[in-house]
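Reader: I'd like a close look at one part of this protein, the spot where a few helices pack against each other. Could you walk me through who touches whom there?

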Amino acid sequence: EHRGRLQAVAYRMLGTPGDAEDAVQEAWLRVSRADVTAVDNLAGWLTTVVARVCLNMLEARRSRREEPVGMQPPDELGGQGLGPEDEILMADSVGLALLVVLDALTPAERLAFVLHDVFEMPFGEIAEVIDRSPAAARQLASRARRRVVGAGAVPETDMSRRQEVVSAFLAASRGGDFSALVELLAPDAELRADPAAVRMGAMAEVTGAEEVARTFAGRAQAARLALVNGVPAAVWAPAGQPRVVFSFTVSGDKVTGIGLTADPDKLAELDIVFVTKRGPREAGSSPAEAGGSLN
């Protein structure tokens, strides 16, 4: 049942289909000898087992100064147990360039980055895998993220353009420029909010450029441009404390989706750096600038 996802985890960790298959097979041998009747979250437990196997393989590869060969782009994994959802996720998040950059990271950095940024595993669980504290796991992922972005696995021009689009969207929202908002949104753009944001007054789901534009026109007065896990976004942070993250999905020059995240546990897992005219600044560095209301 979980093999496709575990194969995807292992591929991102190890970089080759063959090594990924070996890791999943080794995990299966370990699981077959274990009593899993008391395991509440089997998917999470299996991911942890595969991650530990991958970590051991990466450390062994590093100690032997072994260079992986035969590294293939993600579409070479077709037919190896991945479901359509896994294949889409893999195509979106792992290209050959990213795998090359990941190979330059330490095993712990690579594991922390992949498990958190790609599979959204909490740092508390990652810490158990790498035998570090949650704070250390967060630092490893942040350091790896900077190296991934800095090495161009995410093209700097694309990131810059994304930031321009998000910045323009915020400006149009604050100014109540309905036409500009519609122009920035794809016709089928969607707004989705998590349950915590809904409890704060947001709509759970809004579909269509005009409807999304109406939702934002004249609002987001206190939302600030930020990099969230290295990606341009907006954050509402009264008194310097992030309360809502606005994530943007951008295709070309259009916003195709906006997600509102207000769940405190999820917010605590995010690496947030505010962007100002004077350059990036860590979240919470200026409560006065971050103050205000969500609307």
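Author: Sure, let's start with α6 and helix α7 (residues 123-130), whose axes come within 10 Å and cross at roughly 150 degrees. Anything over 145 counts as roughly antiparallel, and α6 and α7 are therefore roughly antiparallel to each other. As for handedness, α6 passes α7 in a right-handed crossing. On the α6 side, the contact is made by L111, A112, L115 and H116, and they meet F123, I126, V129 and I130 of α7. Sort those residues by class and you get seven nonpolar, one polar and no charged.

Keep in mind that this is a predicted model. The protein chain averages a pLDDT of 77, with 76% of the residues scoring at least 70.

Now for another neighbour of α6. Helix α1 (residues 3-14) and helix α6 (residues 107-118) have axes that come within 9 Å and cross at roughly 140 degrees. That angle makes α1 oblique to α6. The crossing of α1 and α6 is right-handed. From α1, the residues involved are V9, R12, M13 and L14, which meet R110, L111, V114, L115 and V118 in α6. By class, the contact of α1 with α6 has seven nonpolar residues, two charged ones and no polar ones.

You'll notice L111 and L115 of α6 turning up again: they meet α1, and they also take part in the contact with α7.

A word on the shaky stretches elsewhere in the chain: pLDDT stays under 50 over residues 66-97, for which the model has 51 contacts beyond four places in sequence. Residues 277-295 also stay under 50, with 48 such contacts.

Note on methods: Residues numbered from 1 in each chain as written. Predicted model: local features only at pLDDT ≥ 70, side-chain atom pairs only at ≥ 80, totals over all residues. Heavy atoms only, no water. pLDDT = per-residue confidence, 0-100. Contact = heavy atoms within 4.5 Å. Axes fitted to C-alpha atoms, helices over the stretch in contact; angles between N-to-C directions. Helix = DSSP H or I, 4+ residues; strand = E, 2+ residues; numbered from the N terminus. Parallel < 35°, antiparallel > 145°, perpendicular 65-115°, else oblique. Left-handed = near helix turned anticlockwise from the far one by under 90°. Nonpolar A, V, L, I, M, F, W, Y, C, P; charged D, E, K, R; others polar.
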